[in-house]
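Me: I am in my first year of studying proteins, and I would like to take a close look at a single part of the structure shown here. Please go slowly and explain how that part is arranged.

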Amino acid sequence: MTHYGFLSTYPPTRCGLATFTEALAGALTVDSSDTAAIVRVLEAPDDAQPRGIRASVRVAADLVARDRRSMAVAVASLDECDVAVVQHEYGIYGGQDGDEILDVLAAVTTPTIVVLHTVLPAPTSHQRLVLERVCALATSVVVMTSGARDILIEHYAVDAADVHVIPHGVANLAVEVGSPHLRKRILTWGLISPGKGIEWGIRAIAQLGDLDHEVEYVVAGQTHPKVLAHAGESYRTGLTDLIGELGIQSSVHLDGRYLDAGELATLVASADVVLLPYDSRDQATSGVLAEAVAAGIPVVATGFPHAVELLAGGAGIVVAHEDPQSMASALRTILTADDVARRMREVALRAASKTSWPAVADRYRLLFEDLRAAKAA
């Protein structure tokens, strides 16, 4: 029996790390006597009821930014576990570049595995300091792509022997679509914020008006909570204005709802192409990308590191950043050549079994066992 600890954002918080932790904790405790305790990372105290997976997974404590008392409670909760899995992203912890996490890691006595969701090739001096210290304090470090491991080892002072590659897990989003749609559907989904590059995707759609099949572009997802708190819906409003300026209101649909797992699965399965026009040149991990590929949907994505690595086998096309013409050309290729789309689906689905959440959970179990054995030695 293993009692896992997790330090991360967690539902009802809506972000990629929260979804990741919920899925991994669920996969590790399904059909077993293993249990998991979640320490939620919060910007401010929150009375919202955490979402439960099953009785074996519970929220044990909260770590609130700039709250030393909550830090002590969080450390105590993690120390009750056999191993602690800490999700790292600069923006979720308190302090400059999230450096409050360093005090937590220094105080925790149980073995810790830190999962790095961002590995910047050109960090600021303080970002570099924080990440190097995080890695030094961790018992083991996990990144989700070989590219992220290469960047970490090349640009940071870390022990390569402590760095492990375990891919981002994916849910089975491939389901039967209830009814066919008349138009070719291009889909972008996830929390919406500046940097997602949706404006470039919209401009690409405006260049596809000559296709024999009509095209619709669906952008599904709420505005990111942190963006909403600081800038309201200004980004989404700007997208709506751009759609009007280009005269493509009938071709682009901004769906601002938060979709549950079933609704999202149906929507993804209905897509002919997933478009990820992200501005970031540094994004080491994208859960949306991983899930799109696992669902067997051809992908067009800008050349951020995870896309370059994951699409290299032929599951999609990598395009230039901030280049709607490049995006439109790739979309046109997939939408007009059935054999191209079919080959991409076949490539994607062959690899899907290796990144399912049960398969990924098994990789973490092996790492946990190695740490437990080393501690007992």
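In which hand, left or right, does α6 pass α8? Please describe the packing around α6 in full.

Reply: Please keep in mind that this is a predicted model. To take your question directly, α6 passes α8 in a right-handed crossing. The contact is made by Ile198, Glu199, Ile202 and Arg203 on the side of α6, and by Tyr235, Leu239, Leu242, Ile243 and Leu246 on the side of α8. Sorted by class, the residues of this contact of α6 with α8 comprise seven nonpolar and two charged ones, with no polar residue among them.

It helps to know how such a pair is usually described. Two packed helices are characterised by the angle between their axes and by the distance between the axes. Helix α6 covers residues 198-205 and helix α8 covers residues 234-246, and their axes come within 10 Å and cross at roughly 15°. Angles under 35 degrees count as roughly parallel, and therefore α6 is roughly parallel to α8.

Helix α6 has a second partner to consider, namely helix α12, which is formed by residues 324-336. Here the axes are 8 Å apart, and the two helices pack at an angle of about 60°, so α6 and α12 are oblique to each other. The crossing of α6 and α12 is right-handed, as is the one in which α6 passes α8. From α6 the contact with α12 draws on Trp200, Gly201, Arg203, Ala204 and Ile205, while α12 brings Pro324, Met327, Ala328 and Leu331. By class, this contact of α6 with α12 has seven nonpolar residues, one polar and one charged.

When you return to the picture, you can follow α6 residue by residue. Ile198, Glu199 and Ile202 are among the residues that α6 uses in its contact with α8, whereas Trp200, Gly201, Ala204 and Ile205 are among those that it uses in its contact with α12. Arg203 is worth finding by eye, since this residue of α6 is listed in the contact with α8 and is also listed in the contact with α12. Put together, α6 lies roughly parallel to α8 and oblique to α12, with seven nonpolar residues in the contact with α8 and seven nonpolar residues in the contact with α12.

Key: Residues numbered from 1 in each chain as written. Predicted model: local features only at pLDDT ≥ 70, side-chain atom pairs only at ≥ 80, totals over all residues. Heavy atoms only, no water. Axes fitted to C-alpha atoms, helices over the stretch in contact; angles between N-to-C directions. Helix = DSSP H or I, 4+ residues; strand = E, 2+ residues; numbered from the N terminus. Parallel < 35°, antiparallel > 145°, perpendicular 65-115°, else oblique. Left-handed = near helix turned anticlockwise from the far one by under 90°. Contact = heavy atoms within 4.5 Å. Nonpolar A, V, L, I, M, F, W, Y, C, P; charged D, E, K, R; others polar.
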